[in-house]
Amino acid sequence: MALPRKFLNNDEELLAELRPHWIFLFGPLFTSIGVWIGLIVLVVLWQKAPGWTNYPILILALIPGLWLLGRFVRWRSYVVALTSTRILVRQGIFGRDTVQLRLQRITEVNIRQRLIERVLGTGSLIIDVQGEDDTLTLEYMRRPAVVQRVVNSQLNEIVGGGRREAIPADMQPRDRYGAPYADQDTDEHRGDDRRRDDDRDEDAHDTPPLGVGADVQPPSPTSSVPSPEPPAASAPVGTAPFEIRDRLIELDDLRQRGILSEEEFAAKKSELLNRI
């Protein structure tokens, strides 16, 4: 079964899940096939066998079958998981045995392969641990060279500040329906990025222009800002009537625009008319 997600921390990412190679089943599988073929030949040749011989034959057939079934259950329950910070090894049928190793403690990752293992694409990973005399050995690993490269890539990202390489598709963790968890995480991250971009756009619309306080609203383009009242030029005594007329027209224009009140306009008008 897959590694339960409860074993992961909140800030921990599950990168790869690995199962033993099929060579893990070869011993009981070939033994079962050999015993079954031998029993079939025995039954065919010994046609006049007594009836009591059926029970020993059935027992002989069940023993390797149970061995094969138990080995298959062990294969299903054995998981090696690589996370962004640890290596987790989980195995056991009735009892659970979980071993974890921090990536920062790994000093070397070596491969051990026999000739038949090289032909079948399997082998053992021997992991040296800092401060320990013993090593962590992971047997029956599929494509051990690729696993070694993936682990070293993650170590390089943590310790050396590099960038890890992409995980092969057959090593990526999957849920119970067979869908890769990486795709789901990517979609969630993309959705989060889109939501963050939308929030930034909304904040950009709500942000006032540079130099304008948050409580100060920018003036509307259609609103007219009244210009300050120009200083009224005092007309000298004896001014020509046409100049007084032009001055009265200017004052009336200021009154209509709301710059001069009615009282101010009347006072200026009386002052100019008195100068005629």
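Let's start with one residue: Arg-255 is partly exposed, with a relative accessible area of 24% (buried means under 20%, exposed over 50% and partly exposed in between, using a 1.4 Å probe and protein chains only). Salt bridges that share partners tie Arg-255 into one network with Asp-252 and Glu-262 (a salt bridge is a side-chain nitrogen of Lys or Arg within 4 Å of a carboxyl oxygen of Asp or Glu). This is a predicted model, where local features need pLDDT of at least 70 and side-chain atom pairs count only at pLDDT 80 or more, while totals for chains, interfaces and linings use all residues. Residues are numbered from 1 along each chain as its sequence is written, and side-chain values use heavy atoms, with hydrogens and water left out.

**The overall picture**

- The protein chain has seven helices and seven strands; helices (H or I, at least four residues) and strands (E, at least two) are DSSP runs, numbered from the N terminus.
- Going along the sequence, you meet them in the pattern β-α-α-β-β-β-β-α-β-β-α-α-α-α.
- The protein chain has 276 residues, and 28% of them count as buried.
- Take the contacts between residues at least 6 apart in sequence: 53% of them join residues at least 24 apart. Contact here means heavy atoms within 4.5 Å.
- The accessible surface comes to about 19000 Å², and 56% of that belongs to carbon and sulfur atoms. Accessible areas come from the Shrake-Rupley method with a 1.4 Å probe, and for residues only the protein chains shown count as cover.

**The nonpolar cores**

- In soluble globular proteins, nonpolar side chains tend to be buried together. A nonpolar core is a set of buried Ala, Val, Leu, Ile, Met, Phe, Trp, Tyr and Cys residues joined through side-chain atoms within 4.5 Å.
- The largest nonpolar core has 25 residues, and the ones touching the most other members are Val-80, Leu-82, Ile-87, Ile-106, Ile-127 and Leu-138.
- At least two core residues come from each of β1 (14-18), β2 (79-83), β3 (86-91), β5 (106-112), β6 (122-129), β7 (135-142) and α4 (144-159). The helix α4 gives the most, with five residues.
- Not counting residues up to four places away in sequence, Leu-82 touches Leu-14, Leu-15, Ala-16, Ile-87, Leu-103, Val-150 and Val-151.
- There's also a second, separate core of eight residues, and Ile-244, Leu-254, Ile-259 and Phe-265 are among them.

**Strand β6 and its partners**

- β6 is mostly covered, with seven of its eight residues buried.
- On one side of the pairing story, β5 and β6 run antiparallel over six bridges (two strands pair if DSSP finds at least two bridges between them). Here Ile-111 stands opposite Leu-125 in β6.
- β6 also joins β7 in the antiparallel sense, again through six bridges, and Ile-126 stands opposite Thr-137 in β7.
- The hairpin of β6 and β7 has five residues between the strands, and Gly-131 takes a positive phi near 80 degrees in this hairpin.

**Salt bridges**

- The structure holds five salt bridges.
- Arg-86 and Glu-12 meet through their side chains, at 2.8 Å from N to O. This pair links distant parts of the chain: Arg-86 is in strand β3, Glu-12 is in the segment before β1, and they are 74 residues apart.
- Both partners are tucked away: Arg-86 is buried at 7% relative accessible area, and Glu-12 is buried at 8%.
- Arg-247 bridges to Glu-250, with the closest N and O atoms 3.1 Å apart. These two sit three residues apart in helix α6 (residues 241-256), so about one helical turn separates them.
- Arg-247 counts as buried at 19% relative accessibility, whereas Glu-250 is partly exposed at 44%.
- Back in the network from the opening, the side chains of Glu-262 and Arg-255 meet at 3.1 Å, N to O.

**A surface patch and a buried serine**

- Trp-22, Leu-58, Leu-62, Leu-66, Leu-69, Phe-72, Val-73, Ile-93 and Phe-94 form a nonpolar patch on the surface, with about 960 Å² of accessible area together. Patches are made of residues with over 30% relative accessible area and no salt bridge, with like charges joined within 9 Å and nonpolar side chains (Val, Leu, Ile, Met, Phe, Trp, Tyr) within 5 Å.
- Phe-94 lies in the loop between β3 and β4 (97-102), and it is exposed, with a relative accessible area of 84%.
- Ser-32 sits in helix α1 (residues 26-45) and is buried, with a relative accessible area of 0%.
- Leaving aside neighbours within four places in sequence, Ser-32 is in contact with Pro-64, Gly-65 and Leu-68.
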